[in-house]
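Work through these exercises with the model open beside you. Try each task before you read its solution.

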Amino acid sequence: MLDFILSQELQDAKQSLCQIRNKQGLSPLMLAAAEGNMAMFQHLVQKQRKAQWAFGPVTTMLYDLSEIDSWEKDQSVLEIIATSRKSQASNILNCQPVKELLKEKWKRRGRPYLLSLAALYLLYMICVSLCCANRPLKPREGNITNPRDITLFVQKTLEESYITEEDHLRLVGEIISVIGALILLLLEISQVFRVGIKVYVCRQMWENPFHFMRFSYSLMVLATLSLRVSSSDGEEIPMAMALVSGWCYMMYFAQGFQMLGPFTIIIQKLCTLRIRQRILPNSVAFFLTPRVC
């Protein structure tokens, strides 16, 4: 049917029928990608491709990427697939030339960008770990009355924590740690505004553990900051939880490696399954169970 309609197109037409947009601003190729219609998408792509040269059984084909690549101001096929809510749309990624285009983009831009972020985050977590390992402590001066009390050092007050040059150097690392936590928190807040708080809390946060890791790490760092500023005891608890969440988040960057990526996905699925089967039901039961005062 489509071929019959295209065959009736006038030769002197100012605009091809395949380039006409609907009210949503989608061309036939974009609409096929949005609906996840792989057969129609492949057919339209093959209609638009041209043979560059042929030598025996070898033929070089040229594909029109004006609607597929995301370099234009208007939305493209890649952007439509990334933002589509239909699961069938992701099947278009296995079609040519989209598959080859993504592979080339990953080699030129995606992999160096991910490696740079991984190296930067690794240095950041090393800085956070050094700040936690060298947190301000002083020898305990009080008498030990409990034989089980083995405390040797206690936390310094805010006035005592930043006096020497080593303290000032640690302060620089702590400022970097707080800035990084704020950046991660802002990324999560932007994600909430993008998908909606209901979808984020009920589905996305539990289906993807990395969102939970970023959010919990940021909150624990800010909690440690508040305890440090107020000279309150117990900052080692949120500090330890922040270190666990921060270092576990390194698995996010392992997804870009061919050997580690599948194992990271398996761990992610297992964490999601455990959260759904045990943590969430137990949490709901704990809060809904009536208690006798």
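**Exercise 1. A loop residue**

Where is the place of Ser231?

Solution. Start with the ground rules. This is a predicted model: local features need pLDDT of at least 70, side-chain atom pairs count only at pLDDT 80 or more, and totals for chains, interfaces and linings use all residues. Residues are numbered from 1 along each chain as its sequence is written, and side-chain values use heavy atoms, with hydrogens and water left out.

Step 1. Ser231 sits in the loop between α9 and α10. Helices here are DSSP runs (H or I, at least four residues), numbered from the N terminus; strands are E runs of at least two.

Step 2. Look at the backbone. Ser231 is not a glycine, yet its phi is positive, about 55°. This residue comes just after α9.

Step 3. Classify its exposure. Ser231 has 31% relative accessibility, so it counts as partly exposed. The cut-offs are these: buried is under 20% relative accessible area, exposed is over 50%, and partly exposed is in between (1.4 Å probe, protein chains only).

Step 4. Turn to Ser230, which is found in the loop between α9 and α10. Ser230 is partly exposed, at 43% relative accessible area. Its C-alpha is 7.5 Å from that of Leu158, although the two are 72 residues apart along the chain.

**Exercise 2. A helix span**

Compare the reach of helix α9 with its expected span.

Solution. Step 1. Helix α9 covers residues 209-229, which is 21 residues.

Step 2. Apply the rule: the expected span is 1.5 Å times one less than the number of residues. For α9 this gives the expected 30 Å.

Step 3. From first C-alpha to last, α9 reaches 30 Å, close to the expected value.

**Exercise 3. A salt-bridge network**

Which residues do salt bridges with shared partners join into one network?

Solution. Step 1. Know the criterion. A salt bridge is a side-chain nitrogen of Lys or Arg within 4 Å of a carboxyl oxygen of Asp or Glu. The structure holds seven of them.

Step 2. Begin inside helix α7 (residues 165-195), where Asp167 and Arg170 lie three residues apart, about one turn of the helix. An α-helix has 3.6 residues a turn, so residues three or four places apart point the same way. The closest N and O atoms of Asp167 and Arg170 are 2.9 Å apart, and the two form a salt bridge. Both residues are buried.

Step 3. Move to Arg228. Its side chain meets that of Glu174 in a salt bridge of 2.9 Å, N to O. Arg228 is in helix α9 and Glu174 in helix α7, so this pair ties together parts that are 54 residues apart in sequence.

Step 4. Add another partner. Arg228 also forms a salt bridge with Glu235, at 2.8 Å, N to O. Both Arg228 and Glu235 are buried.

Step 5. Collect the members. The network joins Arg135, Asp167, Arg170, Glu174, Arg228 and Glu235.

**Exercise 4. A nonpolar patch**

Which helix gives the most to the nonpolar patch?

Solution. Step 1. List the patch: Leu122, Leu123, Ile126, Leu130 and Trp247. Together they have about 460 Å² of accessible area. Areas come from the Shrake-Rupley method with a 1.4 Å probe; for residues, only the protein chains shown count as cover.

Step 2. Check the rule. Patch residues have over 30% relative accessible area and no salt bridge; like charges are joined within 9 Å, and nonpolar side chains (Val, Leu, Ile, Met, Phe, Trp, Tyr) within 5 Å. Ile126 has a relative accessible area of 37%.

Step 3. Helix α5 (residues 98-133) gives the most, with four residues.

**Exercise 5. Cysteines**

Why does Cys132 form no bond with Cys131?

Solution. Step 1. A disulfide is a pair of cysteine sulfur atoms within 2.5 Å.

Step 2. The closest cysteine sulfur to that of Cys132 is in Cys131, 6.8 Å away, so it is too far for a bond.

Step 3. A search of the whole structure finds zero disulfides.

**Exercise 6. Confidence**

Which helix has the lowest mean pLDDT, and which the highest?

Solution. Step 1. pLDDT is the predictor's confidence in each residue, from 0 to 100. The chain mean is 76, and 78% of residues reach 70 or more.

Step 2. Helix α1 (residues 2-7) is lowest at 56, and helix α10 (residues 236-248) is highest at 87.

Step 3. Where pLDDT is low, the predicted coordinates should not be read in detail.
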